[in-house]
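Reader: I should like to request a close look at the charged pairs of this protein and at their surroundings. Please begin with the surface as a whole.

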Amino acid sequence: MRNYLIFNHTNIADFGVYISGSGTFTAPKRDIETVSVPGRSGDLTMDNGRYNNITISYPCFIYRNFAKDFDDFRAFLMSNVGYKRLEDTYHPEEFRMGFVASNLDPKVGTLNRSGEFDLDFECMPQRFLRLGEETISFEEDATIVNPTNYEAAPLIRVYGNGALGIGNNTITISDVNDYVDIDCDIQDAYYESFNYNSHITLNSGVFPKFDPGENGISIGSGITRIDIKPRWWTL
């Protein structure tokens, strides 16, 4: 089977481009600063609590019709600006967010019929799990289990008004007629295109996250349902 990737929901096999996944198994580096202190052996470390971006490189191949397919493929890539969804057949249960980070310098075969080139993406460090895109709904107190070793920042849709507890954090929702979306990643609350930050109170001062393992959820009186996209991820 020939392997391929999907970038911004477009299968590059549509352009006759296929890949090797040999450069997709690397892991990102944790953002740690070191400080040297005169008179003291060894360096001090300061952990910035994050991971750096990572470059994911795909060796690519076009087996026939290189001249036309490569021009079309290049035009497609250059029309995509900013982070886009990146998937490949080597990791079918995951996806990344990345953008094209290299120029394309192909080695062309005889009579321009075939060619090969490297395609580099600058990616966020997370490998997001497809499982974390599935919406989980609750109408009463429950427990949700984070299957990874990393904190997840969910998207929570809350119907009604009242107090919602997640782990040790509590969010109080008020003056909502239908529902409010609480995005714990971008730390924002909204209803469709309307900002709803004034409709929520973060009792601990921070947006909640799901710790690894079990996380308790308590649904206060006045809230009829919550829908959660947990956004599980790993490295």
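Reader: How much area does the chain expose, and what share of it do carbon and sulfur atoms supply? Please then examine the salt bridges closely.

Author: This is a predicted model, in which local features need pLDDT of at least 70 and side-chain atom pairs count only at pLDDT 80 or more, while totals for chains, interfaces and linings use all residues. Residues are numbered from 1 along each chain as its sequence is written, and side-chain values use heavy atoms, with hydrogens and water left out.

The chain exposes about 13,000 Å², of which carbon and sulfur atoms supply 46%; accessible areas come from the Shrake-Rupley method with a 1.4 Å probe, and for residues only the protein chains shown count as cover. The chain has 1 helix and 23 strands, these being DSSP runs numbered from the N terminus (helices: H or I, at least four residues; strands: E, at least two).

The structure holds 11 salt bridges, each defined as a side-chain nitrogen of Lys or Arg within 4 Å of a carboxyl oxygen of Asp or Glu. One of them joins Asp47 to Arg30, with the closest N and O atoms 2.7 Å apart. This pair links distant parts of the chain, since Asp47 lies in strand 5 and Arg30 in strand 4 (residues 30–36), 17 residues apart. Asp47 is partly exposed because its relative accessible area is 45%, and Arg30 is partly exposed at 29%; the classes are buried under 20%, exposed over 50% and partly exposed in between (1.4 Å probe, protein chains only).

In helix 1 (residues 66–78), Asp72 and Lys68 are 4 residues apart and are therefore separated by about one helical turn. Their salt bridge brings the closest N and O atoms to 2.7 Å. Asp72 is partly exposed at 32% relative accessibility, whereas Lys68 is exposed at 56%.

Asp227 forms a salt bridge with Arg225, and here the closest N and O atoms are 2.9 Å apart. Asp227 counts as buried, with 12% relative accessibility, while Arg225 is partly exposed at 29%. Elsewhere, salt bridges link Arg85, Glu87, Arg130 and Glu133 in a network.

A further acidic residue, Asp181, is found in strand 17 (residues 179–183). Asp181 is buried because its relative accessible area is 6%. The side chains of Asp181 and Arg157 are joined by a polar contact of 2.7 Å; such a contact is a pair of N or O atoms within 3.5 Å, where within protein one must be able to donate a hydrogen and the other to accept it, and residues adjacent in sequence count only if both atoms are side-chain atoms.
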